[in-house]
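Colleague: I am new to this structure and would love a close look at just one part of it. Could you pick a part and walk me through it slowly?

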Amino acid sequence: MRFWLAIVVALSTGPAAGQAMQTSSEEIRFETAKSVVLSADHSKWEFGKPQALSGKLFLPKGVGPFPLVVLAHGCDGITPVEVGWSTVLNSWGYATFILDSLTDRNLEEVCTNAADLRPIQRVPDAYGALNALSQHTKIDANRSVLMGFSHGGALALSAAMTWSKQQFTTGRQPTFRAFEAFYPANCNVDYPERKSLYAPVRIHVGALDDWTPAAQCERLVKEWKAAKQDADITSYAGAYHAFDYEGLGLTHLSYVDNGAGCTVRFPSVMGPFAPPVEGAGCVTKGATVAGNREATEKAEKLVRTQLAHIFK
């Protein structure tokens, strides 16, 4: 049984009652900014050729050009989480692009086998999408934010590195103004490139999250702040992983990979790979998820304020 059982219903019936529908949408196909692939001996990452991917652009009412929020899904692909945030953001006047990192890779999900697609491999997806959207007449790509959830939250944290900007953009291409990461994976993974951010990072995580624990992300933000990087975190009391999934009851997912017990350090973001420094064989199965309307409402208010500050 898959995690996001409600996705078909959510995509067919649209947003919840009382939320304004987007006025227009279109599919956008694009090429990634290079790709990140395993070396022949699987000991490190290498750069490869661009890959064709797609996503859906939603435009709010009005003429534009609009500021943009790129939404990066979690390990189970596009769900009501991204659809819901898209609707909310549109109502605030932002264009949204729901990035699909799985379909064109012939993947249905990467929750049960995280090795099928790592967050670092999705960083070129986000920059390729932004570059393509910069050509759209109704998009102001110079006012763009990347917002990711879980696996996509880890993508957002990786995309925020100065290293990523240097590797996946040129001086003529737009970059993201900020990064919003919801319950991001990989806060417990460390390498030198992670220490330098080129734009603000804002993390949102449930205090009861046992899949991407708040304490790990709090520790990462503390390290960033000590290094004078622009990062902050909000922990939501009583909230679990996926707290912004509308109507999701408390659920234990017995089949998902869970690396919360790991502490991983690499000499470089590109490898070479080595066993975890702590907790060898640390990946387990199982995690808890639950929607939390109170936490979601608090997050929506905070994100709206953060975006307004970023784009002022």
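Modeller: Gladly; what follows is a close look at the open sheet, the helices that pack on it, and the salt bridges that reach one of those helices.

A word on the model first. The model is predicted, so local features need pLDDT of at least 70 and side-chain atom pairs count only at pLDDT 80 or more, while totals for chains, interfaces and linings use all residues. Residues are numbered from 1 along each chain as its sequence is written, and side-chain values use heavy atoms, with hydrogens and water left out.

Now the sheet. Eight strands make it up, in the order E1-E4-E6-E5-E7-E8-E10-E11, and their pairing is mixed. Strand E1 (24–31) and E11 are at the edges with a single partner strand each, so one side of each has no neighbour in the sheet. From one strand to the next, the twist averages 20°. Strands (E, at least two residues) and helices (H or I, at least four) are DSSP runs numbered from the N terminus, and two strands pair if DSSP finds at least two bridges between them.

Let us start at the E1 end. Eight bridges pair E1 with E4 in the antiparallel sense. E4 also runs antiparallel to E6, to which five bridges join it. A good residue to find here is leucine 57 in E4, which has glutamate 26 standing opposite. In E6, the bridge partner of leucine 57 is phenylalanine 97. E4 is mostly covered, with six of its eight residues buried (under 20% relative accessible area; exposed is over 50%, partly exposed in between; 1.4 Å probe, protein chains only).

Further along, strand E7 (residues 139–149) and strand E8 (residues 178–182) run parallel and are joined by five bridges. Methionine 147 has glutamate 180 in E8 as its bridge partner.

Which helices pack on the sheet? Helix H2 (residues 80–91) does, touching strand E4 (52–59), strand E5 (66–72), strand E6 (95–100), E7 and E8, and its direction makes about 165° with that of E6. H7 packs on the sheet too, touching E5, E7, E8, strand E10 (201–206) and E11, with its direction at about 170° to that of E8. Contact means heavy atoms within 4.5 Å; axes are lines fitted to C-alpha atoms, for helices over the stretch in contact, and angles run from 0 to 180 degrees between N-to-C directions.

Let us stay with H7 for its salt bridges (a side-chain nitrogen of Lys or Arg within 4 Å of a carboxyl oxygen of Asp or Glu). Glutamate 246 forms one with arginine 293, their closest N and O atoms lying 2.9 Å apart. Glutamate 246 is in the loop between strand E11 (231–236) and strand E12 (251–258), and arginine 293 is in helix H7 (residues 293–310), so this pair ties together parts 47 residues apart in sequence. Glutamate 246 is exposed, at 52% relative accessible area, whereas arginine 293 is partly exposed, at 36%.

Arginine 293 also meets glutamate 300 in a salt bridge of 3.5 Å, N to O. Glutamate 300 counts as buried, at 15% relative accessibility. Through shared partners, salt bridges join Glu246, Arg293, Glu297 and Glu300 into one network. A search of the whole structure finds 11 salt bridges.
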